[in-house]
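This briefing covers three topics in turn: strand pairing, helix packing and enclosed space. Please read it alongside the sequence and coordinates shown here.

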Amino acid sequence: MTEKEKARAGQLYFPADPELFSECQAAKQLCFEINHLHPRSLETRDFLIRKLLGKVGASCYMEPPFYFDYGYNTIIGDHFYSNHNLTVLDCARVLIGDHVFIAPNVGIYTAAHPLDAQTRNSGMESAAPVTIEDNVWIGGSACILPGVTIGEGAVIGAGSVVANDIPPRVLAVGNPCRPVRPL
């Protein structure tokens, strides 16, 4: 089994594997190019975003700068908006639905490191997918951790750390992020 296959299967894998390292560097190069475009180069930005990501729906607007580990593991639906400094560590699949809005400085992390120091120091890591369903709004500086699903229509408060699944149509806030009321 290749390191890429191990990552997709949620197993420990070696991210410095030559294939993964090369793909990660290619994504970082595309992010660099996009992040350094003139602000009015919207068509070029859109073209390069679609080259970077696995799939992008209609009407996707991402404020630079933004960062992806691989890009091809991220699928974005229609009518997506992200503000500045979105960071997506997409070592596993990241699915983002339609009409999702993301405020500045949000991190979506699929990568996880072993708790055992010896294993962690060996350079191994694992990854778990993240799903953000339709009509979700994520407030500024929120962290979305590996393996999380945010339900349809949920709102995540600014600064929240989402470590567990969030049900549909709730306002959820805090560290750890928890539902505080229905919407």
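In this predicted model, strand 12 (residues 130–132) and strand 15 pair in the parallel sense over 2 bridges. One residue pair can be named for this contact: Thr 131 has Thr 149 in strand 15 as its bridge partner.

**Sheet**
- Strands 12 and 15 belong to an open sheet of 5 strands, whose order is 1-4-7-12-15 and whose pairing is parallel.
- Strand 1 (55–56) and strand 15 (149–150) are the edge strands, each pairing on one side only.

**Helix packing**
- Two packed helices are described by the angle between their axes and the distance between the axes.
- For helix 2 (residues 18–35) and helix 3 (residues 42–52), the packing angle is about 165° and the axes lie 10 Å apart.
- Because angles over 145 degrees count as roughly antiparallel, helix 2 is roughly antiparallel to helix 3.
- The crossing of helix 2 and helix 3 is left-handed.

**Cavity**
- Rolling a probe the size of a water molecule over the atoms shows where empty space is left.
- Searching the whole structure yields 1 cavity of 30 Å³ or more.
- The volume of the largest cavity is about 60 Å³.
- Its lining consists of Lys 4, Ala 7, Arg 8, Tyr 13, Leu 20, Tyr 70, Tyr 72, Asn 73 and Cys 91.
- Helix 1 (residues 3–8) gives the most to this lining, with 3 residues.
- Sorted by class, the lining of the largest cavity has 6 nonpolar, 1 polar and 2 charged residues.

Definitions and conventions:
Residues are numbered from 1 along each chain as its sequence is written. This is a predicted model: local features need pLDDT of at least 70, side-chain atom pairs count only at pLDDT 80 or more; totals for chains, interfaces and linings use all residues. Side-chain values use heavy atoms; hydrogens and water are left out. On a 1 Å grid over the protein atoms alone, a cavity is a set of points where a 1.4 Å probe fits but cannot get out, and a pocket is an open set with protein on both sides within 12 Å along at least five of seven lines; lining residues have an atom within 4 Å of a point. Grid points are joined across faces, edges and corners, and a volume is the space filled by probe spheres set on the points. Helices (H or I, at least four residues) and strands (E, at least two) are DSSP runs, numbered from the N terminus. Ala, Val, Leu, Ile, Met, Phe, Trp, Tyr, Cys and Pro count as nonpolar, Asp, Glu, Lys and Arg as charged, and the others, Gly among them, as polar. Two strands pair if DSSP finds at least two bridges between them. Axes are lines fitted to C-alpha atoms, for helices over the stretch in contact, and angles run from 0 to 180 degrees between N-to-C directions. Angles under 35 degrees count as roughly parallel, over 145 as roughly antiparallel, 65 to 115 as roughly perpendicular and the rest as oblique. A crossing is left-handed if the near helix is turned anticlockwise from the far one by less than a right angle, and right-handed if clockwise.
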